[in-house]
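Reader: I am new to this structure and should be grateful for a close look at a single part of it. Please begin with one contact and work outward from there.

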Amino acid sequence: RFSLYAFRYSNQILQPVMHGTVIEAMNYGLPIFATKQGGSAEIIVDGISGFHTDPNKCDESSNKIANFSEKCKVDAECWN
């Protein structure tokens with residue numbers, strides 16, 4: 001199993017496209033942080049299969065990632 005502290009996938013795009021890398025990262029069990037645009041909006045359920053972020057709200061997005069990381073420091077099984 002991958003360490004949640006070392007690996008996570010973040011995809012910050014503005015164009016509505018479908019990235020195979022999002023699906024590949026999900027297949028490996030990595031936490032996904034991606035914009036709610038295009039294919040990412042269709043395959044990620046916020047808080048369940050990944051996290052939606054807003055590329056226009058950098059502070060909000062970085063806080064979401066930081067909060068997730070802190071939660072996983074306390075509970076190593078937070079993403080399993």
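**A serine and its surroundings**

Author: The side chain of Ser49 places a polar atom 2.7 Å from the backbone nitrogen of Val45. The model in which this contact appears is a predicted one. Ser49 belongs to the loop that runs between α2 (38-43) and β3 (51-53). Is Ser49 buried or exposed? Its relative accessible area is 19%, and since buried means under 20%, Ser49 counts as buried.

Which residues does Ser49 touch, once its neighbours within four places in sequence are set aside? They are Met26, Ile32, Ile43, Ile44 and Trp79. Two of these names, Ile32 and Ile44, will return below, as both are among the members of a nonpolar core of 6 residues. Trp79, for its part, is a member of the largest nonpolar core.

From the loop one may pass to strand β3, where His52 is found. His52 is buried, at a relative accessible area of 12%. Its side chain comes to 3.1 Å from the backbone oxygen of Ile44, and Ile44 is also a contact of Ser49. Beyond its neighbours within four places in sequence, His52 is in contact with Ala34, Thr35, Lys36, Ser40, Ala41, Ile44, Asp46 and Lys64. His52 may also be set against Ile32: the two are 20 residues apart in sequence, and their C-alpha atoms are 8.3 Å apart in space.

The cores mentioned above deserve a fuller account. In soluble globular proteins, nonpolar side chains tend to be buried together. Here the largest nonpolar core has 7 residues: Phe33, Phe51, Ile65, Phe68, Cys72, Cys78 and Trp79. Helix α3 is the element that gives the most to this core, with 3 residues. A second core, separate from the largest, consists of 6 residues, and Val22, Ile32, Ala34 and Ile44 are among them. Ser49 touches Ile32 and Ile44 of this second core, while His52 touches Ala34 and Ile44.

Within the largest core, the aromatic residues may be taken next. The structure has 3 aromatic pairs. One of them joins Phe33 and Phe68 in an edge-to-face arrangement, with 5.6 Å from centre to centre and 70° between the planes. Because Phe33 lies in strand β2 (residues 32-35) and Phe68 in helix α3, this pair ties together parts that are 35 residues apart in sequence. Both partners are buried: Phe33 has a relative accessible area of 0%, and Phe68 has a relative accessibility of 7%. Together with Phe51, these two residues form one aromatic cluster.

The cysteines of the largest core lead to another link. A disulfide is a covalent bond between the sulfur atoms of two cysteines. The structure holds 1 disulfide, and it joins Cys72 and Cys78, whose sulfur atoms are 2.0 Å apart. The torsion about their S-S bond is about 60°, and the disulfide is therefore right-handed. Cys72 is buried, with a relative accessible area of 2%, and Cys78 also counts as buried, at 17% relative accessibility. Cys58, by contrast, is exposed, with a relative accessible area of 56%.

Helix α3 covers residues 58-74, and Ser61 lies in it. Ser61 is buried, its relative accessible area being 8%. Apart from its neighbours within four places in sequence, Ser61 is in contact with Thr53 and Asp54.

It remains to place these details in the chain as a whole. The secondary structure comprises 3 helices and 3 strands, arranged along the sequence in the pattern β-α-β-α-β-α. The protein chain has 80 residues, of which 32% count as buried. Among contacts between residues at least 6 apart in sequence, 34% join residues at least 24 apart. The accessible surface of the protein chain comes to about 5200 Å², and 53% of that surface belongs to carbon and sulfur atoms.

Methods. Residues are numbered from 1 along each chain as its sequence is written. Side-chain values use heavy atoms; hydrogens and water are left out. Helices (H or I, at least four residues) and strands (E, at least two) are DSSP runs, numbered from the N terminus. Buried means under 20% relative accessible area, exposed over 50%, partly exposed in between (1.4 Å probe, protein chains only). Contact means heavy atoms within 4.5 Å. A disulfide is a pair of cysteine sulfur atoms within 2.5 Å. Rings of Phe, Tyr and Trp (its six-membered ring) pair if their centres lie within 6.5 Å; planes under 30 degrees apart count as stacked, over 60 as edge-to-face and the rest as tilted. Accessible areas come from the Shrake-Rupley method with a 1.4 Å probe; for residues, only the protein chains shown count as cover. A polar contact is a pair of N or O atoms within 3.5 Å; within protein, one must be able to donate a hydrogen and the other to accept it, and residues adjacent in sequence count only if both atoms are side-chain atoms. A nonpolar core is a set of buried Ala, Val, Leu, Ile, Met, Phe, Trp, Tyr and Cys residues joined through side-chain atoms within 4.5 Å.
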